[in-house]
Amino acid sequence: MRFGLAVVLVAATTGLGACASQEPGEPWDPLEVPNRFMFAINRTIDMFVVRPLTVTYKFWVPEPIQRGVTNVVHNLGEPVTAINEVAQGEPSRAAQTIARFLVNTTIGILGIFDVAKELGMPPTKEDFGQTIAVWAKAPPEDGGPYLVLPLIGPSNARDAVGLLVDYVIDPFRILTWQLDVEYLMYARAGVTLVDARSRTMQALDDIEKNSVDYYSALRSAYTQRRVAEIRQKGAPQTASIALVASGRPELGFAR
């Protein structure tokens, strides 16, 4: 379903993009009307489902357990990061990422504890959207038309394709599919969503409170964050502002 959705979105934006122009210094948003409609739907889902779950999680689950959940989520994403680092021509960083994954999965008990960081192997985070930017050698701001994806939130044509590729190449998804335990993939998606929402709740609340137009503010924040991540290739990522429902991730479900 996600594959079909992404293909439709990319095809649609490619066609419409040719008919629109980009204002200097502003994210290119030729689909602003449908984007705002999807943004409103996502906010409604966030208000009635995601945020209540996240608030309960954030204030009732002990912080050390939350930290362990964040570490597990990041650890499961390490193989995708390593694949992208290889694709970007960074084999040494990919080797370190694989070493981190092996150390944290074993000594760190399935990634609950970031033992690798204590051993001098800091985390990195790469996705296929960044890989496309490296291959294209275009300005990082040039990610194609801005998109608001259903349930995922802020994106653009480049990052939507990247999200889809990361999902396809994800070894965890392939393994659960091969072993007929796909429910683990759905469980991971739910945990990733709540974890990411809890880490960005304060930042998103501040943006909403201090902005006249929350949609425009979130669009600018997402674009600036992606530009910074692409320019600082290999640097650890901070908590993502882009989020499901309220406005991605980082996620989306896959990141």
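Which residues does threonine 176 touch, not counting residues up to four places away in sequence? The legends below take that up along with some other spots in this predicted model.

**Figure 1. The whole chain, as a starting point.** Before zooming in, here's the lay of the land: the protein chain has 10 helices and two strands. Reading from the N terminus, the order of elements is α-α-α-α-α-α-β-β-α-α-α-α, with the two β elements sitting next to each other in that run. The chain has 255 residues, and 46% of them count as buried. Its accessible surface comes to about 12800 Å², and carbon and sulfur atoms account for 68% of that.

**Figure 2. Threonine 176 and its contacts.** Back to the opening question: threonine 176 touches Val181, Glu182, Leu184 and Met185, once residues up to four places away in sequence are set aside. Threonine 176 belongs to helix H8, which covers residues 171–178. With a relative accessible area of 4%, threonine 176 falls under the 20% cut-off, so it counts as buried.

**Figure 3. Arginine 226 paired up with aspartate 127.** Here's a buried arginine: the relative accessible area of arginine 226 is just 2%. Arginine 226 is part of helix H10, residues 214–231. Its side chain makes a polar contact of 2.9 Å with the side chain of aspartate 127.

**Figure 4. Phenylalanine 48 out on the surface.** Is phenylalanine 48 buried or exposed? Phenylalanine 48 is exposed, because its relative accessible area of 61% is over the 50% cut-off. You'll find phenylalanine 48 in helix H2, which spans residues 32–60. Phe48 also joins Met47, Val49 and Leu53 in making a nonpolar surface patch of about 440 Å².

**Figure 5. The S1–S2 hairpin.** The chain's two strands show up here as a hairpin. Strand S1 takes in residues 146–149 and strand S2 residues 153–156; they run antiparallel and are joined by four bridges. One pairing to look for is tyrosine 146, whose bridge partner in S2 is asparagine 156. Three residues lie between the strands. In that turn, check the backbone of leucine 151, which has a positive phi of about 70 degrees.

Note on methods: Residues numbered from 1 in each chain as written. Predicted model: local features only at pLDDT ≥ 70, side-chain atom pairs only at ≥ 80, totals over all residues. Heavy atoms only, no water. Pairing = 2+ DSSP bridges. Patch = residues over 30% accessible without salt bridge, like charges linked within 9 Å, V, L, I, M, F, W, Y side chains within 5 Å. Areas by Shrake-Rupley, 256 points an atom, 1.4 Å probe, with all protein chains shown as cover. Salt bridge = Lys/Arg side-chain N within 4 Å of Asp/Glu carboxyl O. Buried < 20%, exposed > 50% of the residue type's maximum accessible area, 1.4 Å probe, protein only. Contact = heavy atoms within 4.5 Å. Polar contact = N/O pair within 3.5 Å; in protein donor to acceptor, adjacent residues only side chain to side chain.
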